[in-house]
Amino acid sequence: MGVETLLPGAVTLDPSDWNDFRRQAHTMLDDMVDYIENIRERPVWQPIPDAVRAHLRTGLPIHPASLATVHNEFMQTILPFAAGNVHPGFMGWVHGGGTPVGMLAEMLAAGLNANLGGRDHTPIEVERQVVQWVRELFSFPQSATGLFVTGTSMANLIAVIVARDVALGFSVREQGIAASTKHLTAYGSTAVHGCIAKAMDLSGLGSDTLRTIATDSRYRIDIEALEQAIHDDRRAGLTPFLVVGSAGTVDTGAIDDLASLANLCQREGLWFHVDGAYGALAMLSPDLAPRLKGIERADSLAFDFHKWGQVPYDAGFILIRNGQLHQRSFASSPAYLRREVRGLAAGAPWPCDFGPDLSRGFHALKTWFTLKVHGTHALGNVISHTCELGRYLEARIAATPELELLAPVELNIVCFRYRAEDSDSTENSDRINAQIVVDLQECGSVAPSTTTLHGQLAIRAAIVNHRTSRTEIDTLIDETLALGRALSKPRPTETPQQQQHTTLQLALQSVENQLQREPTSITLLFQRACLLEQTGRIPEARSIYLDLLDRDPTHIGALNNLGNLLLAARELPEARRIYELAVAHHPNHPPCRASLGNLLIKSGEPAAARDHFEHALLIDPGYRPAHAGLSFVLGDLGEPDRATLHRLQAFQGRAVVIAPYRGERPPITILELISTTGGNIRTDDFLSDRVFQRILVTTEFYDSKTILPPHHLVFNAIGEADGAPAALNGALAVLAHTTAPVINSPSAVLVTGRCDIAQRLSHIPGVITAKTTILPREQLLASDAAATLAHHGFTFPLLLRTPGFHGGEHFSRVETIEELPAAVDELPGTDLLVIQYLDACGPDGNSRKYRVMMVDGQLYPLHLAISGNWKIHYYTADMADCPEHRAEDAAFLTDMPTVLGPRAMEALRQIQTTLGLDYGGIDFGLNQRGDVLLFEANATMAVIVPEKDPRWDYRRASTEKIYTAVWTMLRDRANAG
């Protein structure tokens, strides 16, 4: 979706394929609609991971990327870590929740790309219509003028400038304030917003010219004190010029006595400005509008549509009673802005005549849409409802002795605190309440903020979002109490992990309390299951997911999460059933498709997996997990070029990923080096997220400019030398940026390819290696293939294998030269491994394959497989239905030295020493003399937990010994580092 060439030497930034762009546009819109629709299933806010910050600090992009790729980057690194004010649990600061209608209107405005600085076009008429609506709402005269700005901070600045010019004369625009002999002073309460002082600063008057007046018990400006301050300044030779009244203070939502302020300003000849950032729109609510009496007499009014008006950011507004004064403060007439009576330059005055900006976006459209689609009645109801919730929160605080209300609830802002046990100590109480707020935010259920009232830190809940309900208010109360009680108790200093665990437990307790009131709530049940999963209570989480699916068989979150838990427990058939149900119910949901595709890869069904990944990409062409799955599948299916393309889409620019950690204690942090082409050690079972914090690094795509997160240990999980040499070389490059101890040095792994192993281990007494070489497919299909093989010393039968594969995949035995062409045709790859067949068949006609694991310098038996087939799979061999074979396997596990004999044991020890791997495995047979017939020796060999079948119980002890040995090695190396 790059630029489209029009003529030689001419380019455009329009898409070269409009249909492709249209599909991607629909995907992007669907993602945002899904985000808003399902916002309650997300945390309000979550901390930004170090890897995401590092990713967003990379250099200037020189080369293009597809829209789908960048969109996927947005979905992965930006969308999950926003402030969260769309969420009903957001109560920190006065932020509106936005609406889907406003989002669509913003898209339309961007498509028009209109500049509303001036000229004669309908977008300006839309803004003028909204200005007229605002006049009507606040009963301002027709001569009043208005303007959309970024927010109330800019609106207040415009009001201060107009008031200043009126006070000093409009010549101040040319001569500056220094030319005047007047020293102006302005007035606002101690609760006035900080942007008023900044406006005084930016207007050249200085922030010290703002007098802050004490407030009464309701945090409203003290009228008598104000009047006294004005008189005192006049007696001192100063010139009072401006009074700022607040319609909804930022701390408590207090509304000054606007009518009294209007009377005072009229008596004193002062400019009366109202900062109504969020409270002014209470005019839309019939039950609240009377409290704004006097606002209609203001000389200027500043407010935001993006707060209580629920318009997406940004949409501030300034309204000036006397439009001529407004225009005189900002209008200018450079030649390039010449106005005409006709043509595009008609339509004067222009919006740029009423503010500082010449380049202005179409802010009015999303406001126009919001007002027309929803109507003022619905918006007024929303405003009333948020105030009702404020009163409900106030009542719950009053009914809870452990909580204390710190300010009257005027509108929708509630300030309170938890009464700490040591409530006489302000410092301790402040510390506990500040920690409560941070923990609430990190917990993700609700997100209040803090302020300070009368020297006390307060928990501040600003209920602005139209989605907020009593459920979120109850959550705020319940979690505040739980956190306060926990923080008030004397306890040893917690690690960050213990703090996180405590927070999760408190969040879980809160959800369980809410479930007592709403036991049938699907949303709360899902939240409880997710929290149980995060705290490691997996069986309980599984049980709730199953219960959820009984109630709602289509619940996508429960289907995916349960499938993932089953897959992690290696219950593949049941995981497959759940994933297939998810796809059946949600056929166009990319994560469902990708989950099933990944399971099918594990099940050895690459063609079926490919179908699901490709379907996911039809829905979302930028979906990285589907690209990653296809990169593995297409490699298996012999399409390396296509696999490479999908690999780039999946991993480019995302080389470092921090996996979740769910433990209570400080983790062992492991930098895990992995390949995107496969051949990785199966570390999932070893590296529990209750003990280890995993930082995954895809070495082929690692950029040395990316800072590696702190870690104790490096685990090179790339075990395949034949299939992943680029990844191993990339791993060596990563190691240049760390001094931590390394498990399985990439240098050691690089020389464990099949050909290398055959040569390196052939000199060891008691070891027989199979002659191995790599030959091009063309040579094996040529007419002189027999001569070529003889030249390399091969005799039939021999084995053919595609490099980089294990476990019987793409592996054939060829008995005669006549069978060779057909066998070659069945295997993917341009080059093939040719391996001399080693006959491990015993007197009973069965072949035996032993596996011994190497861990930290020790040998551990894993299992023995016995089969009448030359290609032995450990769990499909003749073991399950043959007690005699299982007894022979058990004997090997119980007493390996006796079963193998001293010659083989010494040979195995020499193999381990020669390879120099911290972790790896050896597959071998034995001949009649006790020699080791070496099949494989490398780092990729898996230690698979036996299935839940009593027939395999005898294998569990040996598996546990290997796991313990790996855990001990990782712990000791991390401590040593």
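In this predicted model, helix H6 (residues 152-168) and helix H11 (residues 323-330) have axes that come within 9 Å and cross at roughly 95°, and the two helices are therefore roughly perpendicular to each other. An angle from 65 to 115 degrees counts as roughly perpendicular, which is the step that leads from the crossing angle to the description. The residues that meet at this crossing are Ile-158, Ile-161, Val-162, Asp-165 and Val-166 on the side of H6, and Leu-325, His-326, Ser-329 and Phe-330 on the side of H11.

A second pair of helices gives another arrangement to study. Helix H18 (residues 556-568) and helix H19 (residues 572-585) have axes that come within 8 Å and cross at roughly 160°. How are H18 and H19 oriented to each other, roughly parallel or roughly antiparallel? Angles over 145 degrees count as roughly antiparallel, and H18 and H19 are therefore roughly antiparallel to each other. Their crossing is left-handed. From H18, the residues Leu-559, Asn-560, Leu-562, Gly-563, Asn-564, Leu-566 and Leu-567 take part in the meeting of the two helices, and from H19 they are Leu-572, Glu-574, Ala-575, Ile-578, Tyr-579, Leu-581, Ala-582 and His-585.

Returning to H11, the loop between this helix and helix H12 (363-398) is the place where Pro-349 is found. The peptide bond that leads from Ala-348 to Pro-349 is cis, and its omega is near -5°. Asp-357 also lies in the loop between H11 and H12, and with a relative accessible area of 36% Asp-357 is partly exposed. Although Asp-357 and Val-149 are 208 residues apart in sequence, they are 8.8 Å apart in space when the distance is taken from C-alpha to C-alpha.

Another cis peptide bond runs from Tyr-313 to Asp-314, with omega near -10°. Here the loop is one between two strands, since Asp-314 lies between strand E8 (300-304) and strand E9 (316-320).

Backbone angles can also be followed at two further loop residues. Trp-93 is a residue other than glycine, yet its phi is positive, near 65°. Trp-93 has its place in the loop between helix H3 (67-77) and helix H4 (100-112), where it is partly exposed, with a relative accessible area of 45%. Asp-856, which is not a glycine either, has a positive phi of about 55°. The loop that holds Asp-856 joins strand E24 (847-855) and strand E25 (858-867), and Asp-856 is partly exposed, with a relative accessible area of 37%.

The charged side chains come next. Side chains of opposite charge can pair when their charged atoms come close. How many salt bridges does a search of the whole structure find? The search finds 48 salt bridges, and three of them are set out below, each with the distance between the closest N and O atoms.

| Positive partner | Negative partner | Closest N and O atoms |
|---|---|---|
| Arg-220 | Asp-216 | 3.1 Å |
| Arg-929 | Asp-931 | 3.6 Å |
| Arg-956 | Asp-953 | 2.9 Å |

The partners in these pairs can also be described by their accessibility. Arg-220 is partly exposed, with a relative accessible area of 23%, and Asp-216, at 26% relative accessibility, counts as partly exposed too. In the pair of Arg-929 and Asp-931, Arg-929 counts as exposed at 62% relative accessibility, whereas Asp-931 counts as buried at 4%. Arg-956 is partly exposed, with a relative accessible area of 22%, and Asp-953 counts as partly exposed at 42% relative accessibility. Elsewhere, salt bridges that share partners join Arg-610, Glu-614, Glu-639 and Arg-642 into one network.

Arg-777 offers a contrast to these pairs. This residue is found in helix H27 (residues 777-781), and although it is buried, it has no salt bridge. Which side chain of opposite charge is nearest to Arg-777, and how far away is it? The nearest one is Asp-825, at 4.6 Å; a salt bridge needs the side-chain nitrogen to be within 4 Å of a carboxyl oxygen, and therefore this pair is not counted as one. Arg-777 is nevertheless in contact with Asp-825, and also with Val-824, Leu-827, Pro-828, Gly-829, Thr-830 and Asp-831, when its neighbours within four places in sequence are left aside.

How values were computed
Residues are numbered from 1 along each chain as its sequence is written. This is a predicted model: local features need pLDDT of at least 70, side-chain atom pairs count only at pLDDT 80 or more; totals for chains, interfaces and linings use all residues. Side-chain values use heavy atoms; hydrogens and water are left out. Helices (H or I, at least four residues) and strands (E, at least two) are DSSP runs, numbered from the N terminus. Buried means under 20% relative accessible area, exposed over 50%, partly exposed in between (1.4 Å probe, protein chains only). Lys and Arg count as positive and Asp and Glu as negative; His and the chain ends are not counted. Contact means heavy atoms within 4.5 Å. Axes are lines fitted to C-alpha atoms, for helices over the stretch in contact, and angles run from 0 to 180 degrees between N-to-C directions. Angles under 35 degrees count as roughly parallel, over 145 as roughly antiparallel, 65 to 115 as roughly perpendicular and the rest as oblique. A crossing is left-handed if the near helix is turned anticlockwise from the far one by less than a right angle, and right-handed if clockwise.
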